[in-house]
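User: I want to understand how the two chains meet. Take me through the contact step by step.

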Amino acid sequence: MRDKGRLIIDRENFGLASAEFYDKKITLFFKNKQWYINNVITEFTSMTGNCSKRISIYELQDKTIKLEEKSPIMVEKIKEFLSDFNDEFWKDFTHIPLDSVYLKQIKY
Amino acid sequence: MKCILTASIGLLLSLSAYSQTYIVEGSVRNQDKEPIPYCSVYIKNKPQAGSITNKDGRYYIKSNVQPDSIVFSHIQYETKTASFETHETNTILQQKVNHISEVSVKALSAKGIMMAFYKRFKENHSIEPVRYKAFTRIISIHKDELYLMEEYYLDLYQKKTHNTEFNIIKCRAKPFSKYGRKIFKNYRLISLSKMRSDNIFKYREDILVKSKLKNYNLKLKGYTSINQREAYIMEFENKKT
């Protein structure tokens, strides 16, 4: 593991605007005198060679009331999605379109 | 032919409005017509409503606020603002010049910048509680082959004193190979727990901890702008690595 990277630090208030670590890149945005998460990209390769890539985009909400978790979702099983895996599924949500390199693999 | 091709693969910015919903979609490319991945794209009058481009340079934003203009920001390219009114159809970003050139005259040293960062860290980043909506995609690859893809739209509650709490609004997951189907049989949503480390105040990398600064070599590489704010570019490396 190489503990090296890059920090982008705001010149006005010295907040962290973006950071690149060995397995993660995080970008923040400034609002109401504070810095909030904007997006996160991670890539992790296990000892067995399996690689996990995550990309997340965040949208700050005005409300701050506590979220009541509906259930302990981390231990839940997930059902297989049986329809075509395309972007249409997310048309009502801000999302990141599927990369063409994966769309090719999904189709075959 | 090349011009026609260039025009056809250039930015496609389409905006549609119905029931107070606005869809902003298109693609971002550089001056050589190559897609720019991971470019921040957001609505100027609602900067929290944004996304980033995929590897093909494409993005998709849904907003319930009418956009005034769309901002495209990438650390290696000049920021560009496209007017909503003129429906700009060709967003090409120009590469920044000397964006990581060595800084010869510094008002502040690299260490001075970091000390100012630590001093204001709580003020800048101690945000709690905070609610986010988040879209996340997790791609799992085995021997260069995609075997599982998961996508979630989440409601998140973040606080520094406990782990981020999640509710799933919508999701899907699908295995794409024999290996993937084998893994998927007993698959749980535990993969989402990795998102907890996105809370940099609670899960702070060593370089973000003042007492550990002595373990690092630091270099001020230059200046840049990101999301329309001026910033320092700092590089760090652990002395032991």
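**Where the chains meet**

Analyst: This is a predicted model. A good place to start is a salt bridge: the side chains of A:Asp10 and B:Arg229 meet at 2.7 Å, N to O.

User: How many salt bridges are there between chain B and chain A?

Analyst: A pair counts when the nitrogen lies within 4 Å of the carboxyl oxygen. A:Asp10 and B:Arg229, at 2.7 Å, form a salt bridge. Between chain B and chain A the count is six.

User: Which strand gives the largest share of the side of chain B that touches chain A?

Analyst: By class, that side of chain B has 56 nonpolar, 23 polar and 29 charged residues. One strand, spanning residues 130-142, supplies 13 residues, the largest share. That strand of chain B is β10.

User: Which residue of β10(B) stands opposite A:Ser52?

Analyst: Strand β5 of chain A covers residues 51-60. It runs antiparallel to β10(B), and 10 bridges join the two. Opposite A:Ser52 in β10(B) stands B:Ser140.

User: How much area do chain B and chain A bury between them?

Analyst: The contact involves 108 residues of chain B and 88 residues of chain A. Carbon and sulfur atoms carry 56% of the buried area. The total is about 9,800 Å².

User: Which three residues supply more of the area that chain B buries against chain A than any other three?

Analyst: Together the three supply 9% of the area that chain B buries against chain A. They are B:Gln48, B:Arg131 and B:Arg172.

User: How many residue pairs are in polar contact between chain B and chain A?

Analyst: Both residues of a pair must have pLDDT 80 or more. With that condition, the count between chain B and chain A is 40.

Technical notes
Residues are numbered from 1 along each chain as its sequence is written. Chains are lettered from A and ligands numbered from 1 in the order in which they are written. This is a predicted model: local features need pLDDT of at least 70, side-chain atom pairs count only at pLDDT 80 or more; totals for chains, interfaces and linings use all residues. Side-chain values use heavy atoms; hydrogens and water are left out. Contact means heavy atoms within 4.5 Å. Buried area is the accessible area (1.4 Å probe) that two parts lose on being put together, summed over both. A polar contact is a pair of N or O atoms within 3.5 Å; within protein, one must be able to donate a hydrogen and the other to accept it, and residues adjacent in sequence count only if both atoms are side-chain atoms. Helices (H or I, at least four residues) and strands (E, at least two) are DSSP runs, numbered from the N terminus. Ala, Val, Leu, Ile, Met, Phe, Trp, Tyr, Cys and Pro count as nonpolar, Asp, Glu, Lys and Arg as charged, and the others, Gly among them, as polar. Two strands pair if DSSP finds at least two bridges between them.
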